[in-house]
Amino acid sequence: MSKMYGGGMPGAGFGRMKFDDGQQKPNISKAMLLRIFNYFKPYWKQTMLVLFILLVSSLLGLLPPILIQRIVDHALPDKNMKLLVELVLISLGTTVVAGLLGVWQSYLNSFISQSIVYDMKNQMYTHLQRMPLQFFSAVKQGEVITRMTSDISGIQGVFNSTVINFASNLFVLSTTVATLVIMNWKLAIIGILIVPLFIIPTRKMGNVRWKLAKQTQEKMSEQNHIIQETLSISGYLLMKLFTREEKEYDSFRIINGESARLQIRESMAGRWFMMILSTFTSLGPMLIYLYGGYLFIHGEITVGAIISFVALLSRIYGPFGQMTNLYVDIKRSVALFERIFDYFDMKPGIVNRPDAQAVELTKQDIVFEDVCFAYQKDKQALEDISFTAASGTMTALVGPSGAGKTTITNLIPRLYEIDSGSIRIGGTDIRDMTLESLRSQIGLVTQDSYLFNGTIRENLLYAGSEASEEDMVKACKAAYIHDFIMELPDGYDTVVGNRGIKLSGGEKQRISIARVLLKNPSVIIMDEATSSLDTASEYYIQRAMHLLLQDKTSIVIAHRLSTIMAADKILVVKDGAIIEEGNHEELLLKNGVYTDLHSKQFERKAFSMDSQSPI
Ligand SMILES: Nc1ncnc2c1ncn2[C@@H]1O[C@H](COP(=O)(O)OP(=O)(O)OP(=O)(O)O)[C@@H](O)[C@H]1O
């Protein structure tokens with residue numbers, strides 16, 4: 001997966017927005033570890049406490065094996081019942097205390113890991129909010145969700161399985177090895193000699209598991225992508241209409257099968273590994289019995305010492321096994337962080353300039369001056385666009401499909417950043433205004449009015465939840481949608497479905513007009529619906545538009561002759577340039593592109609409108 005964003009936008013720093021597909025292993029560098037460490041920093045007190053508990057627990061864990069030696073060598077041969085009971089009780093006591101410490105430590109573990117996940121999710125969410133539009137059109141659908149949910153949530157496992165395991169094993173190992181050496185250094189050497197046998201298979205295994213894990217993740221992500229693409233409203237419709245069900249099912253089934261096979265391989269790789277490790281683990285005690293027995297026969301050590309030694313030995317093999325597994329875990333964890341950091345490293349698209357001001361516009365004339373813009377490096381979308389949309393007037397953009405009309409309108413609220421030239425509103429360069437102040441004064445009604453899956457009321461109040469019921473009804477009446485809403489079974493509380501699927505295009509657009517009316521911005525940008533609306537719907541939209549645009553500076557991508565005729569100025573856009581400018585009559589007189597467009601596009605409509613439209 002992760003093959004994203006090859007091309008870059010000039011000057012916007014998109015060059016870094018890529019993942020290195022060839023990279024098989026994570027890069028465990030000092031800088032990377034430091035960066036990870038920074039996330040733990042706010043919780044250093046809790047982390048220190050956890051480490052302290054782990055140290056105490058590892059020391060407590062030494063007691064039972066040592067006590068066994070005392071039981072076997074003293075309490076039993078001396079038939080000392082009192083000593084026996086004492087030793088057993090102490091042993092029991094240490095186990096209980098260690099258990100209680102374990103509970104406390106679990107709580108702290110959860111607290112620390114969940115806090116880190118909380119911080120990261122918040123950071124990621126706000127970071128993604130600041131990503132440019134291009135990012136969302138380039139990134140695969142499921143990917144953002146995967147990063148936000150499974151990748152970041154995986155971080156909590158990192159703390160529990162990697163950090164805690166590492167510290168705990170380190171403490172257990174060092175205290176146990178020290179005790180073994182103090183008890184009998186010869187036996188200790190034999191017990192420890194076996195350790196290198198773990199290292200070789202572990203290193204090999206680490207690489208195999210890493211590769212499998214990465215492949216599995218890629219397959220999972222592809223699977224998510226198919227689900228997102230085909231089981232979302234628009235994807236579902238596309239699939240049905242083009243009868244692609246079987247083909248989509250086939251690709252899903254194949255990827256699903258591959259990921260299942262990979263996961264089986266991954267878990268089996270782990271199993272074989274564990275089997276080899278456990279064989280080596282059982283070798284240790286055997287050697288101790290053999291050599292320890294020899295030392296006992298020669299009177300060098302006691303039986304209790306041998307039993308205690310074997311018990312202690314199990315404390316080093318377990319942690320050693322885990323420590324070697326830890327290598328795999330660390331690699332996985334770092335890879336997880338790497339995937340997340342890849343996202344964090346992407347430059348946010350459009351941000352406030354350091355000296356940006358919150359500007360309250362008093363005049364709203366919009367001036368484009370020699371504006372150039374490209375989505376991709378070598379393909380200019382707009383070239384030297386210059387025009388003025390006078391305050392309080394309506395400017396219509398007309399032109400063939402793909403001419404650049406939407407692009408022009410998207411530049412005004414800075415959804416994209418221009419490459420050269422300037423755009424000023426009321427004399428202020430839009431880049432000198434804070435994004436919030438700029439966008440709060442602009443209302444955008446798009447063709448495909450986006451409604452989220454909530455009630456009509458929630459959708460309407462999205463712009464400003466402080467609007468009163470009265471304001472809302474007033475706006476809906478002005479948008480000619482109130483009566484329709486009141487006829488719905490739940491009125492304003494009717495749920496609109498995903499992307500407003502339960503409403504017609506005209507209804508959605510009227511709701512979005514009402515939404516903008518409620519926001520009451522001084523600049524309005526509107527993309528008229530192209531879809532053929534029935535006469536009544538069109539009539540209401542025209543009326544609603546009329547009210548919406550009254551006394552406002554508006555730029556309308558016009559598809560209807562009535563709108564064009566009402567416009568104070570018409571800009572004819574073709575191939576990313578403005579080629580004609582004037583009002584309807586002036587342009588017709590020019591006998592140029594507009595006349596041509598008009599005769600092809602509008603004459604038939606004009607005929608149908610004259611005969612049917614109530615306007
Ligand atoms: N996100 C994008 N990334 C890359 N290219 C884009 C993007 N959006 C639009 N374009 C390209 O920019 C050019 C202008 O597109 P734009 O959407 O502005 O045209 P339009 O005049 O609004 O067309 P229509 O009337 O069909 O909506 C087209 O060639 C289009 O393919």
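## Strands, cores and ligand shell in a predicted model

Strand E6, which covers residues 442–445, pairs with strand E7 in the parallel sense, and 4 bridges link the two. Within this pairing, Val445 has Met526 of E7 as its bridge partner. The structure described here is a predicted model, and the placement of E7 within it can be followed from both of its neighbours. Strand E8, made of residues 553–557, runs parallel to E7 and is joined to it by 5 bridges, with Met526 standing opposite Val556 in E8. Met526 is thus named in both pairings, as the partner of Val445 and as the residue opposite Val556.

The burial of E7 fits this picture of a strand with neighbours. Of the 5 residues in E7 (residues 523–527), 5 are buried, so the strand is largely enclosed by the rest of the structure. The covering extends to both faces, since Val523, Ile525 and Asp527 are buried on one side, and Ile524 and Met526 are buried on the other.

A further sheet is built in another way. It is an open sheet of 4 strands in the order E2-E1-E4-E5, and its pairing is antiparallel. Strand E2 (379–389) and strand E5 (428–429) stand at the edges with a single partner strand each, so one side of each is left without a neighbour in the sheet. Inside the sheet, strand E1 (residues 366–376) pairs with E4 over 5 bridges in the antiparallel sense, and Val367 stands opposite Arg424 in E4.

The largest nonpolar core has 69 residues, and those with the most contacts inside it are Ala396, Leu397, Ala479, Ile513, Ala514, Leu517 and Ala544. A second, separate core of 39 residues includes Val50, Ala188, Val334 and Ala335. Leaving aside residues up to four places away in sequence, Ala396 touches Val556, Ala558, Thr563, Ile564, Ala567 and Ile570; one of these, Val556, is the E8 residue that Met526 stands opposite.

The residues around the ligand are Ser137, Tyr375, Ala381, Gly399, Ser401, Gly402, Ala403, Gly404, Lys405, Thr406 and Thr407. By class, this shell has 3 nonpolar, 7 polar and 1 charged residues, and helix H11 supplies its largest share, namely 3 residues.

Two residues deserve attention for their backbone angles. Most residues other than glycine have a negative phi, whereas Arg414 and Asp575 each have a positive value. The table sets out their angles and loops.

| Residue | Phi | Place |
|---|---|---|
| Arg414 | near 60° | loop between helix H11 (405–411) and strand E4 (420–425) |
| Asp575 | near 45° | loop between strand E9 (569–574) and strand E10 (577–582) |

Their surroundings can be given as well. Arg414 is buried because 21 other C-beta atoms lie within 10 Å, while Asp575, with 14 other C-beta atoms within 10 Å, is partly exposed.

Confidence in the prediction should be read alongside these details. The protein chain averages a pLDDT of 82, and 89% of the residues score at least 70, while the model scores ipTM 0.95 and pTM 0.66. Over residues 1–23 the pLDDT stays under 50, and for this segment the model has 36 contacts beyond four places in sequence. The pLDDT also stays under 50 over residues 607–615, for which the model has 10 contacts beyond four places in sequence.

How values were computed: Residues are numbered from 1 along each chain as its sequence is written. This is a predicted model: local features need pLDDT of at least 70, side-chain atom pairs count only at pLDDT 80 or more; totals for chains, interfaces and linings use all residues. A residue is buried if 20 or more other C-beta atoms lie within 10 Å of its own, exposed if 12 or fewer, and partly exposed in between; C-beta atoms are placed from the backbone. A residue is near a molecule or strand if its C-beta atom, placed from the backbone, lies within 6 Å of it. Ala, Val, Leu, Ile, Met, Phe, Trp, Tyr, Cys and Pro count as nonpolar, Asp, Glu, Lys and Arg as charged, and the others, Gly among them, as polar. pLDDT is the predictor's confidence in each residue, from 0 to 100. Two residues are in contact if their C-beta atoms, placed from the backbone, lie within 7 Å. A nonpolar core is a set of buried Ala, Val, Leu, Ile, Met, Phe, Trp, Tyr and Cys residues joined through C-beta atoms within 7 Å. Two strands pair if DSSP finds at least two bridges between them.
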